[in-house]
Amino acid sequence: MGTELAIYAVKQMVHYYVRHNKPVYACYLDASKAFDLVNHFTLLRKLCDRGVPSVIVSLFLYWFRTQRFVVRWGETLSSSFPVLTSVRQGGVCSAPFFALYLNDLSVQLTASGIGCRIGSTVFNHAIYADDVCLMTTSIHALKLLLQICENYATNHDLKFNPTKSVCQLFGDSSYEFSRPLIKLCGRVLQWSETVRYLGFDINCNNRDHEEMLRRRRELYITANLIRSRFHHCSRDVKVYLFRKYFSTIYCNSLWCPVSPCVMDKLRVCYNDCFKIIMQIGRRKSSTLVFSEHRVRDFSAMRRISSYSLLSRLATTSNVIISAIVNSNIFKESSISKMWRSILFLDCE
């Protein structure tokens, strides 16, 4: 339902358990060339199990069996060759196909009944495309979930890469020494303080400072790149480019908790980026500059992003998200309090 919702669900679950003095053990699995290893016949069997009409399944079978590929090297094309596995990345049907291919893994993990819970709802994993995150409250449960993933990968011609898969421990300092050896496919997994999941840096100390500072660096890089390439363009073009690339900052509505100092650095960065693109002196009032060009300032951008995420939370049909929103996890979370302070000026 979107990477932002997936990150939100993981963060809310972790924050909830940590607030109640319970550790959370997370494992982020990396599937090697996942889209390229999809077995066509296994996929077609799953389509049949879902009740897809046989004529549609036959059409996909014909498509898979007759498609041919070529390799381009400069202006030269290789001879064509068949590809008997994979759903090509970027294809219209590829994402739904792969979601269907991994759906039974989600079913098996949920059916195990172990790991984190939201009331009576089991929430021990989050899967977005080929990014899998497992969450449990004990090492033993994490090993059982990893075994389920290994067995599923073996039966579906998938491969989880242990060198790129990492574990993470959320909890207070008393749990620092409870990091035993965790193995995947016979190889020991590494423990990490910060893990990048779906493009967002999740820190085990529940601080988003590293993520925010990384976004700050990226904003400056983007602004200088736009200025170097489009400095001869008109004012309207520059304003359009700023709105295109800076109208929102990825997952800025999930930055919580953060220090005022780090947030102020990002606000200054946002203001500087607009002045860099528009070639305006940095000493000029940022409020006046945004008003003259009718562009949203940093606070307005954050309000719109937060409202957009809240609207999606309220209307989503996803079972996990609905369970979070309708529980005390949502009401008591620091993220919800931050949204109230942004949208309603309520700092309670």
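Where is Asn21 found? Asn21 sits in the loop between helix 1 and strand 1. I start there since the backbone has something to show at that point. Keep in mind that this is a predicted model.

The phi angle of Asn21 is near 60°, a positive value in a residue other than glycine. Asn21 has a relative accessible area of 57%, and the cut-off for exposed is over 50%, so Asn21 is exposed. There is a second residue to set beside Asn21. Asp157 has a positive phi of about 60°, and Asp157 is not a glycine. Asp157 belongs to the loop between helix 5, residues 139-155, and strand 10. With 40% relative accessibility, Asp157 counts as partly exposed.

Now the sheet. The strands on either side of strand 1 can be read from the order, which is 8-9-1-10-13 in an open sheet of 5 strands. The pairing in this sheet is mixed. At the edges are strand 8, residues 125-128, and strand 13, residues 190-191, and each of them pairs on one side only.

Strand 1 covers residues 24-30, and 6 of its 7 residues are buried, so strand 1 is largely enclosed by the rest of the structure. How many bridges join strand 1 to strand 9? There are 6, and the two strands run antiparallel. Strand 9 is residues 131-136. For the register, Leu29 has Val132 of strand 9 as its bridge partner, and Asp30 has Asp131. Towards strand 10, residues 166-170, strand 1 has 5 bridges, and this pair also runs antiparallel. On that side, Val24 is bridged to Phe170.

Next, the helices that lie on these strands. Helix 1, residues 3-19, lies across strand 1, strand 8, strand 9 and strand 10. Relative to strand 9, helix 1 runs at about 15°. Helix 4 lies across strand 8 and strand 9, and its angle to strand 8 is about 175°.

Helix 4, residues 94-111, also packs with helix 2, residues 40-49, at an angle of about 80° and with the axes 10 Å apart. Angles of 65 to 115 degrees count as roughly perpendicular, so helix 2 and helix 4 fall in that class. From helix 2 the contact takes Thr42, Leu43, Lys46 and Leu47, and from helix 4 it takes Phe97, Leu100, Tyr101 and Asp104. Sorted by class, that contact has 5 nonpolar, 1 polar and 2 charged residues.

One more residue of helix 4 is Val107. Is Val107 buried or exposed? Neither word fits, because 46% relative accessibility makes Val107 partly exposed. Val107 and Gly91 are 16 residues apart in sequence, and their C-alpha atoms are 25 Å apart in space.

A second helix pair is helix 8 with helix 10, residues 298-315. Their packing angle is about 110°, and the axes are 9 Å apart. Helix 8 and helix 10 are therefore roughly perpendicular to each other. On the helix 8 side, the contact is made by Met263, Leu266, Arg267 and Tyr270. On the helix 10 side, it is made by Phe298, Met301 and Arg302. By class, this contact has 5 nonpolar and 2 charged residues, with no polar residue.

Last, the nonpolar cores. In soluble globular proteins, nonpolar side chains tend to be buried together. In this model, the largest nonpolar core has 68 residues. Which of its residues touch the most other members? They are Tyr8, Tyr28, Met135, Phe242, Phe246 and Trp339. Helix 8, residues 260-278, gives the most to this core, with 10 residues. Another core lies apart from it and has 39 residues, including Phe35, Val38, Phe97 and Leu184. Phe97 has already come up, as one of the helix 4 residues in the contact with helix 2.

To finish, take Phe242 from the largest core. Leaving aside neighbours within four places in sequence, Phe242 is in contact with Ser247, Tyr270, Cys273, Phe274, Ile277, Phe290 and Val295. Of these, Tyr270 was named before, on the helix 8 side of the contact with helix 10. That is where I stop.

Terms used. Residues numbered from 1 in each chain as written. Predicted model: local features only at pLDDT ≥ 70, side-chain atom pairs only at ≥ 80, totals over all residues. Heavy atoms only, no water. Core = buried A, V, L, I, M, F, W, Y, C linked by side-chain atoms within 4.5 Å. Buried < 20%, exposed > 50% of the residue type's maximum accessible area, 1.4 Å probe, protein only. Contact = heavy atoms within 4.5 Å. Axes fitted to C-alpha atoms, helices over the stretch in contact; angles between N-to-C directions. Parallel < 35°, antiparallel > 145°, perpendicular 65-115°, else oblique. Nonpolar A, V, L, I, M, F, W, Y, C, P; charged D, E, K, R; others polar. Pairing = 2+ DSSP bridges.
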